[in-house]
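Biologist: Could you take one part of this model and go through it closely for me? I'd like to hear how its residues sit and what they touch.

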Amino acid sequence: MKEPMPFDPQPTLVGPMVTLSPLRAEDWEALFAVAADPLIWEVHPAHDRWQEPVFKQFFANAMESGGCLVIRDKATGAVIGSSRYDLTRVEPGEVEIGWTFLARSYWGGGTNREIKTLMIAHALRWFDAAVFYVGAGNIRSRRAMEKIGGELLPGRTIDFEMAGVPTAHVVYAIRKPLA
């Protein structure tokens, strides 16, 4: 059953390791400090996002989207990344979760799983599926999607311009369990 109130694309979500909260202009410096690591973007289609002018546009788009969440380490309060909800590129009954990046010191543990679990649980209160567009060649992100139970949707692909180049993306979905 869908929630009667409208979907909140910028909730505060709290887990054992992280807190997600609405992105604010004052988060710029701390978030860019994380994003400025070129190795975060090494296999990402937007491989130039570590550069300040490119990240400024990313940050402006995130603010404008109304669905971006800054991710903080719950124990320290330090900004460690961001993620976003979006409704503009999906089919009816779906919400997109994407644009996620994390400081490398948080890779390989349970942080990404916790972030996605919190965001998916929130979204599936209103939607039938959460979808994720992943660069076809971004093996790291594709494996991460598979680890959290993402189902590759065969035949559903889309091209986005990334770093000035049209880049194929595959689509993964996590669906609401049948009642």
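Modeller: Let's fix some words before we start: a residue is buried under 20% relative accessible area, exposed over 50% and partly exposed in between, using a 1.4 Å probe and protein chains only. This is a predicted model, so local features need pLDDT of at least 70 and side-chain atom pairs count only at pLDDT 80 or more, while totals for chains, interfaces and linings use all residues. Numbering runs from 1 along each chain as its sequence is written, and side-chain values use heavy atoms, with hydrogens and water left out.

I'd pick helix α2, residues 52-65. Helices (H or I, at least four residues) and strands (E, at least two) are DSSP runs numbered from the N terminus. With 14 residues at 1.5 Å each, α2 should span 20 Å (the expected span is 1.5 Å times one less than the number of residues), and the 19 Å between its end C-alpha atoms agrees with that. Right after α2, Gly66 has a positive phi of about 75°.

Now look at what points inward: Phe55, Phe58, Phe59 and Ala62 of α2 are buried. Down the helix axis, the buried residues of α2 fall within an arc of 100°, so they line one face; that arc is taken from the directions from the axis to the C-beta atoms. An α-helix has 3.6 residues a turn, so residues three or four places apart point the same way. On the face of α2 turned away from the buried side you'll find the exposed Pro53 and Glu64. As for neighbours, the buried residues of α2 pack against α1 (28-35), β3 (68-73), β4 (79-86) and β5 (94-102), where contact means heavy atoms within 4.5 Å.

The rings are worth a stop here. Rings of Phe, Tyr and Trp (its six-membered ring) pair if their centres lie within 6.5 Å, with planes under 30 degrees apart called stacked, over 60 edge-to-face and the rest tilted. The structure holds 13 such aromatic pairs. One of them joins Trp28 and Phe32, stacked at 5.2 Å centre to centre with 5° between the planes. Those two are 4 residues apart in helix α1, or about one helical turn. Phe32 is buried at 16% relative accessible area, whereas Trp28 is partly exposed at 21%. Trp28 also pairs edge-to-face with Phe59, at 5.4 Å centre to centre and 80° between the planes. With Trp28 in α1 and Phe59 in α2, that pair ties together parts 31 residues apart in sequence. Phe59 itself is buried, at 8% relative accessible area. Ring pairs link Trp28, Phe32, Trp41, Phe55, Phe58, Phe59 and Phe101 into a cluster.

Phe58 has company of another kind: Arg84 lies over its face, 5.6 Å from the ring centre. Arg84 also lies over the face of Trp99, at 4.1 Å from that ring centre. The test for a charge over a ring is NZ of Lys or CZ of Arg within 6 Å of the ring centre and within 35 degrees of the ring normal.
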